[in-house]
Amino acid sequence: MRLQKILWTLLFLSVPVFGVVSFWFCDLYGALWPENVSKVYGSKIDHLFDVIMWITGIFFVGTELLLVYAMFTSKDEDAQEKADFVHGNRTLEIGWTLMAAAILIFVAFYQIPTWTEVKVQRPRKPADAHITASMWMWQVRYPLWDEQAKAPRKLDVVQPALAETFELTNELHIPAQETVLIYVTSRDVIHSFYVPKMRVKQDAVPGLLIPVWFDAARPGDYEFYCAELCGPGHYMMRARVVVHESRADYERWLREQTARLRAPDQPAQLATGDPPTTQLSLAEN
Ligand SMILES: [Cu+2]
């Protein structure tokens, strides 16, 4: 057997070996996925991801090993016998076509319940915030606190009354341990609202107001950014999700912001965060 053939076989064999080992290694050290902070939806999304990865992974390794086997057992170039000409095998071709179709149909049906939950069954609650993406920032509009009703003002979904809201740039505040409902749109091109640790990704499309819902299991400071290459300043669309400890904590924050904006002679102050990215301003009609 020629050395060349052995080397090529080993090289091709290294592909599935390296593929499996790298995934296994990353999983061992928790580097495969970002940490999952979403209690309700995150594990379901991850489960779908795992199922699809196992299916494709098994077929990837299988086909690679077949390839290596074929390489290893193929005749040497200097062999005396003539090569066989094989046109095809109808049974095999029908077999693997049906198998591929069956797997795709299985995946299509298997993901329906999760998909319905995360994209179709919109929670019946008022919007917590409106996000407008533009080149290259996120304007996050919140309802002002209604002192009489002891609740945030209810935002009109399509056209929130501007006088009833205030706005932050690149900063989304939400309460922990509940499903939050946010409407996302864009002012110019298609952007994509992406919070990796909460397993939520939604295109922001000009002219469309798209509801998106997700949850955070615990308080903290997380990251969201644009996942759609939207121009030279795309990298600047990096922003924060500030998760408050509870609904009460979040409402206290809303109340503080409202009071600050309403106070006479008080210039609007920065709520939290870094001055260059955060600007608090009362949105007016
Ligand atoms: Cu963008």
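**Exercise 1. Strand β1 and its partners**

Find the residue of β7 that is the bridge partner of I131, and describe how β1 is paired and how enclosed it is.

Solution. In β7, I131 has V184 as its bridge partner. This is a predicted model, in which local features need pLDDT of at least 70, side-chain atom pairs count only at pLDDT 80 or more, and totals for chains, interfaces and linings use all residues. Residues are numbered from 1 along each chain as its sequence is written.

Step 1. Helices (H or I, at least four residues) and strands (E, at least two) are DSSP runs, numbered from the N terminus. Two strands pair if DSSP finds at least two bridges between them.

Step 2. Strand β1 (residues 129–134) and strand β7 (residues 179–186) run parallel and are joined by five bridges.

Step 3. With strand β2 (residues 137–143), β1 pairs in the antiparallel sense, over five bridges. S134 has M137 as its bridge partner in β2. β1 and β2 form a hairpin, with two residues between them.

Step 4. A residue is buried if 20 or more other C-beta atoms lie within 10 Å of its own, exposed if 12 or fewer, and partly exposed in between, with C-beta atoms placed from the backbone. Five of the six residues of β1 are buried, so the strand is largely enclosed by the rest of the structure.

**Exercise 2. P16 and the packing of α1 on α2**

Is P16 buried, partly exposed or exposed, and how do α1 and α2 cross?

Solution.

Step 1. P16 lies in helix α1 (residues 3–28). P16 counts as partly exposed because it has 18 C-beta neighbours inside 10 Å.

Step 2. Two residues are in contact if their C-beta atoms, placed from the backbone, lie within 7 Å. Leaving aside neighbours within four places in sequence, P16 is in contact with F60, V61, E64 and L65. P16 and G62 are 46 residues apart in sequence, with 8.9 Å from C-alpha to C-alpha.

Step 3. Axes are lines fitted to C-alpha atoms, for helices over the stretch in contact, and angles run from 0 to 180 degrees between N-to-C directions. The axes of α1 and helix α2 (residues 42–73) come within 9 Å and cross at roughly 165 degrees. Angles under 35 degrees count as roughly parallel, over 145 as roughly antiparallel, 65 to 115 as roughly perpendicular and the rest as oblique. The two helices, α1 and α2, are therefore roughly antiparallel.

Step 4. Residues of α1 including W8, F12 and P16 meet residues of α2, among them F60, V61 and F72. The residues of this contact divide into 13 nonpolar, two polar and one charged, where Ala, Val, Leu, Ile, Met, Phe, Trp, Tyr, Cys and Pro count as nonpolar, Asp, Glu, Lys and Arg as charged, and the others, Gly among them, as polar.

**Exercise 3. α2 against α4**

At what angle do α2 and α4 pack, and which residues meet?

Solution.

Step 1. α2 and helix α4 (residues 112–120) pack at about 140 degrees, their axes 10 Å apart. That angle makes α2 oblique to α4.

Step 2. K44, I45 and L48 in α2 meet T114, E117 and V118 in α4. These contact residues divide into three nonpolar, one polar and two charged.

**Exercise 4. The open sheet**

Which strands stand at the edges of the five-stranded sheet?

Solution.

Step 1. The order of the open sheet is β6-β12-β11-β8-β9, with mixed pairing.

Step 2. β6 (171–175) and β9 (200–204) stand at the edges; each has a single partner strand, so one side of each is left without a neighbour in the sheet.
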